[in-house]
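Okay, thanks for coming, everyone. I'd like to walk you through a few spots in a structure you haven't met yet, so have a look at it first.

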Amino acid sequence: MKSRVLIALLFASSSLLAQTQPVLIAMKSPTLRVGKLSFKDLNKNNKLDKYEDWRLPVDVRVKDLVSQMTLEEKLGFMLISTTRMGGDQVFANGVQGGSPKTTITEGFNEEDLVQNTNMFTRKPLASPNMSAAGTTKGVTQFHLRHFILRASASPEIMAKWSNNLQELCESSRLGIPAIVASNPRNHVTTDASVGLSVGLTAFSKWPGELGLAAMRDFDLTRKFAETAAKEWRAVGLRKGYMYMADLATEPRWGRVEGTFGEDADLTSNMITQIVLGFQGNKLSNTSVTMTTKHFPGGGPQVDGQDSHFDWGKFAHYPGGMFDYHVKPFKAAIAAGTSAIMPYYSAPKGKEFEEVGFSFNKAMIGDLLQGKLGFQGIINSDTGPIEMMPWGVENLSIEERYQKALNAGVDIFSGAADPTTLIEVVKKGLIKEERINQSVAKLLKEKFDLGLFENPYVNVEEAVKTIGNAEAVASANLALRKSIVLLRNDEKRLPLAKNTKVYFETFFQSGRNAGEAIKVSKPNYPGLEFVNTKEEADVVLLWLVPTAGGLFSSQGSKIDLNLSKNRIDVNHVNEILHAKPTIVAINYSNPWVIEEIDKGKATSVIATFGTTQDALLDIVTGAYKPTGKMPFTTPISQAAVEANKSDVPGHMEGGGYGLFAFGHGLTY
């Protein structure tokens, strides 16, 4: 391990301000002494610049650093793109993560990733897009300092890689540190597609977002956020591309699994606890910043189609409830969220300009910044300039940047090469003063996080922190509290001791229908698990429906019946009619279950991303169910198709719902 200069003085005073000497770690920069105080000479000029002086107010430091940055450095600073670790092949040749034949290491991936095809729509791009740059080139030539890490690796490897990246950044002309963002890493999820969730990792394993909402336990939600923040910080992840304040009012939408349900008040409370838990009451060196998404609410998509695709480019508000969807973002702003991300969608209707939200000045400049008073970072979603230019398709790439900047966007996700953005300014389409406003916001976040003093992490501490016993205990409680008992008509639950149980999970990944059935015989006390349903007193059948993932969409009609979501309903009904059966269903969308025993199965449980042990604790009564539904499940596909996309199920009127929002039984 390379030697470090570590200066940690507890108390000191100066002629400027009496402040505590922060911990400084310098790997490539000299240190300067002013009396008893120490500072990092980040630009290596042998004098203390204002931006290097941790005693000064952040706005003074920001102003000084902006004045020292070249135009090229500023515009590289306004891009955030995928960064790849050694061996990480994310997005390359259609591979969604590290290739099974490679091992992810703490080294850099030095290969540029240039795409000629839209990775989502699979259509040719108007011009090639560099979605990831070789790491050294990105830092030293393109001046990138914002990165999205999508790889999953061990805590040790992640921490070492983070330190290597920060050391590279510190060696640059101004020594500006990097900030590394990620999608969620702490949830049991059905769709772990790149850009949605990293899926199961070494981090503590909590319910999916719907499951957190089903707990109705805001203290435990805060505990989740604080626990996850410690784990993220330990490996150098300091920004979350999360969480979704979108409302699941359109049951067909492919991103329902990442929401906190259909209700604006519940989601507002969840978002508040999430932001405060990750960030604290204000940003500091213990914070992980949040990028709340997707303003002004991505839920009300036309026919449930997603706006990653041109066949789903429009959001609409047939119930007139636009303001209802904005409500959780107001809560995020009040809690201090550092950034907000607009969605790709273009609002459909004569009252709005029909351009994507990242290009929509009425949405960002007038509403979000003006009326709602948000002063933080506006972070575009990945690729609206190059891949999802809804409503501005006829504009050039340069004109799209111009329109988005005029709307209020501060940082663009999805491109690693700032050349075109540089041309936008050099051609006079945008003034440098406007660029300075965004750069100042982005720098302020880094100063608030203490990254200029110490961007490095302790590898040994990371290994101890990730998934430690305390984190696992809290997560295990949440996994149980997230489960909802929907029906117990025959009082079959909880199961009596020594019951013979045939436990089958049905999940068809799509690769091979014959691999859908998994029979479990866990070592679980108090129950006897058998090999066949014929031997059993009771069958526990856990169904995991899936449409195949958001990015498998072809634009066809979305049907929420189980048979249309890779569940063999004939197989299910055969079991139901053969043996007393408990049906557990994993709800990543509000599935329609009328095909199962004509919708009248008598013992029904809802899960939202949990574990086998947690489910067994519920069915035995080792933990009594307390969860409540985070959305309404429709009674039929006809009800789904008649729904108003912006209206939550509990406001749709009689005849819509089978299991109501807030429904949940106990023993």
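Let's start with one contact: a polar atom of the Ser380 side chain lies 3.0 Å from the backbone nitrogen of Ser413. Keep in mind that this is a predicted model. Where is Ser380? You'll find it in strand S17, which covers residues 377–382. Is Ser380 buried or exposed? Its relative accessible area is 1%, and under 20% means buried, so Ser380 is buried. Leaving out residues up to four places away in sequence, Ser380 touches a whole set of neighbours, including Tyr241, Met341, Pro342 and Ser358. Val409, Ile411 and Phe412 are also among the residues Ser380 touches, along with Ser413 itself.

Now, on to the rings. How many aromatic pairs does a search of the whole structure find? It comes up with 21. One of them joins Tyr51 and Phe452, edge-to-face, with 6.4 Å centre to centre and 80 degrees between the planes. Tyr51 sits in the loop between strand S4 and helix H1, while Phe452 is in the loop between helix H12 and helix H13, so this pair ties together parts that are 401 residues apart in sequence. Both of those residues are buried, by the way.

Here's another pair: Phe503 and Phe529 have ring centres 6.5 Å apart and planes at 35 degrees, so we call this one tilted. Phe503 belongs to strand S20 and Phe529 to strand S22, so the parts tied together here are 26 residues apart in sequence. Phe503 counts as buried, at 0% relative accessibility, and Phe529 is buried too, with a relative accessible area of 9%.

Rings can also link up into a cluster, and here ring pairs do that for Trp206, Phe224, Trp232, Tyr243, Phe260 and Phe278. And one ring has a charge over it: the charged end of Lys348 sits over the ring of Phe314, 4.4 Å from its centre.

Last stop, the nonpolar cores. Which residues touch the most other members of the largest nonpolar core? That core has 165 residues, and the answer is Phe278, Leu443, Leu543 and Tyr587. So we meet Phe278 again, from the ring cluster. As for Leu543, its contacts beyond four places in sequence include Phe506, Leu562, Ile567, Val572 and Ile596. Apart from that largest core lies another one, of 22 residues, with Val188, Ile483, Leu540 and Leu616 among them.

That's my tour, thanks for listening!

How values were computed
Residues numbered from 1 in each chain as written. Predicted model: local features only at pLDDT ≥ 70, side-chain atom pairs only at ≥ 80, totals over all residues. Heavy atoms only, no water. Helix = DSSP H or I, 4+ residues; strand = E, 2+ residues; numbered from the N terminus. Buried < 20%, exposed > 50% of the residue type's maximum accessible area, 1.4 Å probe, protein only. Polar contact = N/O pair within 3.5 Å; in protein donor to acceptor, adjacent residues only side chain to side chain. Contact = heavy atoms within 4.5 Å. Phe/Tyr/Trp six-rings, centres within 6.5 Å; stacked < 30°, edge-to-face > 60°. Lys NZ or Arg CZ within 6 Å of the ring centre and 35° of its normal. Core = buried A, V, L, I, M, F, W, Y, C linked by side-chain atoms within 4.5 Å.
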